[in-house]
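Reader: Could you take me through this structure? I would like to begin with the general picture and then go into details.

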Amino acid sequence: MAKHEHRILEKLDEWTAAGLISSAQAAAIRAREPGPKSTPPWGIMIFAGSGAVVLGMGVILLFAYNWDQMHKFGKLAIIFTALAAAHTTGIILRSKNLTPGFADAAFLLGTMIFGAGIWLVAQIYHISAHYPNAFVVWAIGALLFAWLLPSVAQGLLAAVLIATWACCEAVSYDSHPVAAPLLVLVGSGWLAWRMRSPVLLAVAAVSFVVSMGVGLVFHAGCVMVVLLGTTLMLESAAWLARDCASFPAATRILHITGIILYLPVLFILTFHDAAKDLLRNSYWSDQPPPHEWLPLVVLILAVMGLFAGVWYRAVTEQRFNTQKFRSHLLAPALIFTTYLIAWWAPLLSDTALSIHQPNAATMLCAAANALFIYHILGNLWTGCRNSRLRQVVGGSLLLAVWIFARFADLFDSLLVRGTMFMVMGAGLFAVAVIYQRNKSHLPAVTNPLNPGKED
Amino acid sequence: MRGKLILIAVLVQVLILGWMAGEREWIVRTAPTVWLRTAPVDPRDLFRGDYVTLGYEISTIPAAKFGPALKQLIAEQDDKAVGYRHSYECEIVLYVTLKVDPATGLASVAFADLTPPAAGVFIKGRVRRYNQTATAITRVSYGIDAYYIQQGRGSEFERRNPAGLADGTQAPMEMRVAIGHNGTAVLTGHRWRSLGMTSQNEAEH
């Protein structure tokens, strides 16, 4: 968008000379368009930041060699001196305010050396106790600088380190750090919002999803509740962020992260066997300890609270009857609620669990299939009507995936299979025709700077 | 104000590293040391190069050496009525009192319990529930299970064949450990015992 504005300003003189617009109109346009905004020195930040990260990794690997000839105090002196030197450089560059990108890179190098120092001290004193702690301590060191400077690069490092910490805890110790998603949310997510940084928000969103999956899935049976709950949280946050004019990218980032998580989860639930197995594994054989069920209850309440807020806002603003609201929020909310009902309803019944559980799985599978078809038709309908190629392609791909999946597990007759494929082929053909017809009927909206190119 | 906070953040990073190193250095310089018998293998750490994984004799504690609180906890975990409260992955902290052979300096387990003893040298360890049974506790970790060495020297330790010893001869390895007043242990060195055992397969070669 900013690029287009910049090009319009460049073309004003040309248009005035050609007599297309008057000088007064050109002046009015110039006054309206503020011109290119000052942007952060991305070049310096990316290259110097990457340099700092690579240099820090080099320090870690250099010390990993573990020379016998070097005394331990020599190693410690090097690491402390390097840490102090990097941060002092950062402080000096920052105070001179010449190139903020270099100051950020120097601080980032300091934090990388801090991480190297943690491993080095552990190496010198042969500390082998619970190595994931090193990642969380390193992340806290990065978060301090991320907030104080403030710095996107340090925030990114912290988000990656927290996700790494959560994964290491799960893989090596089979433990679940419930604090990880909270740390990402408060440490990196909030900072991304304050700094209006799309990159940091995207990485924090991914780190949040990973941390939720690792931190809250104590039991294989609750994996779907956590994933669907996370999806709904992201979509609700995206909806709430849509009116924030100063950070328009936020809605898109949160929605894309949510949908990337949501569609595969929904697709898995369209398989009856998968729904049955997931539900069967959802019932704990004995009463779980509070540290296992309490985070789940908090998650469910948080999701419900957030969704209630979105619903209230949509109703008061009369936006709830839109395709986006139905597709982005109501559909994930419906499958989340259906999963909870399918999970808990058999337990509340007096009769044996084995009688009700298959019915619950059938209900869940039917709901998932209905919603998947709804997303297919919704995308195709909106895409064709508004001539949006991306939505048409997306809807067609979802349709193809769904038909192929059902080909294997639902239809046992070649006649039905053949008919379904013919219906799908005819449907896709019809979509192409409708899309093209609607596109030709739409008024031609062309970019004045590039005639012939769709805007 | 912001500048001062940044300076504090730098100090926090320095202090974290300083505390990590300082606590261990204090133990190395002031705490009593014992020798622990071990058997090494040689893996590699992504961040810290070569190290030797150490399995100690004191990592296995027979039930006869359980203290009363530890006995009660294990009985409770085995009880089906209340055992579910304890996750299989959860760790418990143990305090293992050591008895030291004055002639060799070698330490062995005197008894283990959930609280530190009033007197004597003791070491703090952690063990997961699935390594706890009514007959013994196995794979107790004391935070000294990795011995970092220069890259390329791992195989010497793995073969237990130090320089000066005939090929095919394996020497028992013992680790020198300084133990702080709170049971924190720090590895300070190793020795090869002179009593060697010849591996039959290699001797035949």
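Author: A residue is called buried under 20% relative accessible area, exposed over 50%, and partly exposed in between (1.4 Å probe, protein chains only). Buried residues make up 44% of the 455 residues in chain A. This is a predicted model, in which local features need pLDDT of at least 70 and side-chain atom pairs count only at pLDDT 80 or more, while totals for chains, interfaces and linings use all residues. Residues are numbered from 1 along each chain as its sequence is written, chains are lettered from A and ligands numbered from 1 in the order in which they are written, and side-chain values use heavy atoms, with hydrogens and water left out.

Reader: How many helices and strands does chain A have?

Author: Chain A has 17 helices and two strands. Helices (H or I, at least four residues) and strands (E, at least two) are DSSP runs, numbered from the N terminus. Of the contacts in chain A between residues at least 6 apart in sequence, 70% join residues at least 24 apart; contact means heavy atoms within 4.5 Å.

Reader: Which residues are buried in helix α12 of chain A?

Author: In α12 (residues 272-280), they are A:Ala275, A:Leu278 and A:Leu279. They lie on the same side of α12(A), because they cover an arc of only 95° around the axis. The arc is that of the directions from the helix axis to the C-beta atoms.

Reader: Now the interface. How many residues does each chain bring to the contact?

Author: Chain A brings 50 residues and chain B brings 41 residues. About 4,000 Å² is buried between the two chains, 65% of it on carbon and sulfur atoms. Buried area here is the accessible area (1.4 Å probe) that two parts lose on being put together, summed over both.

Reader: How many salt bridges are there between chain B and chain A?

Author: The count is one. A:Lys72 and B:Glu25 form a salt bridge through their side chains, at 3.0 Å from N to O. The criterion is a side-chain nitrogen of Lys or Arg within 4 Å of a carboxyl oxygen of Asp or Glu.

Reader: What about A:His126, buried or exposed?

Author: A:His126 is buried, with a relative accessible area of 9%. This residue sits in the loop between α5 (100-124) and α6 (132-148) of chain A. Not counting residues up to four places away in sequence, A:His126 touches B:Gly143, B:Ile144, B:Ala146, B:Tyr147, B:Tyr148 and B:Leu187. Its phi is near 55°, a positive value in a residue other than glycine.

Reader: Any further backbone features in chain A?

Author: Most residues other than glycine have a negative phi, and most peptide bonds are trans. A:Arg196, although not a glycine, has a positive phi of about 55°; A:Arg196 is in the loop between α8 (179-195) and α9 (198-216) and is partly exposed at 31% relative accessibility. A cis peptide bond, with omega about -20°, joins A:Leu149 and A:Pro150. A:Pro150 lies in the loop between α6 and α7 (152-173).

Reader: And in chain B, how do strands β11 and β12 pair?

Author: Strand β11 (residues 173-179) and strand β12 (residues 185-192) of chain B pair in the antiparallel sense over seven bridges. Two strands pair if DSSP finds at least two bridges between them. B:Ile179 stands opposite B:Ala185 in β12(B). Their hairpin has five residues between the strands, and B:Gly183 there takes a positive phi near 95°.
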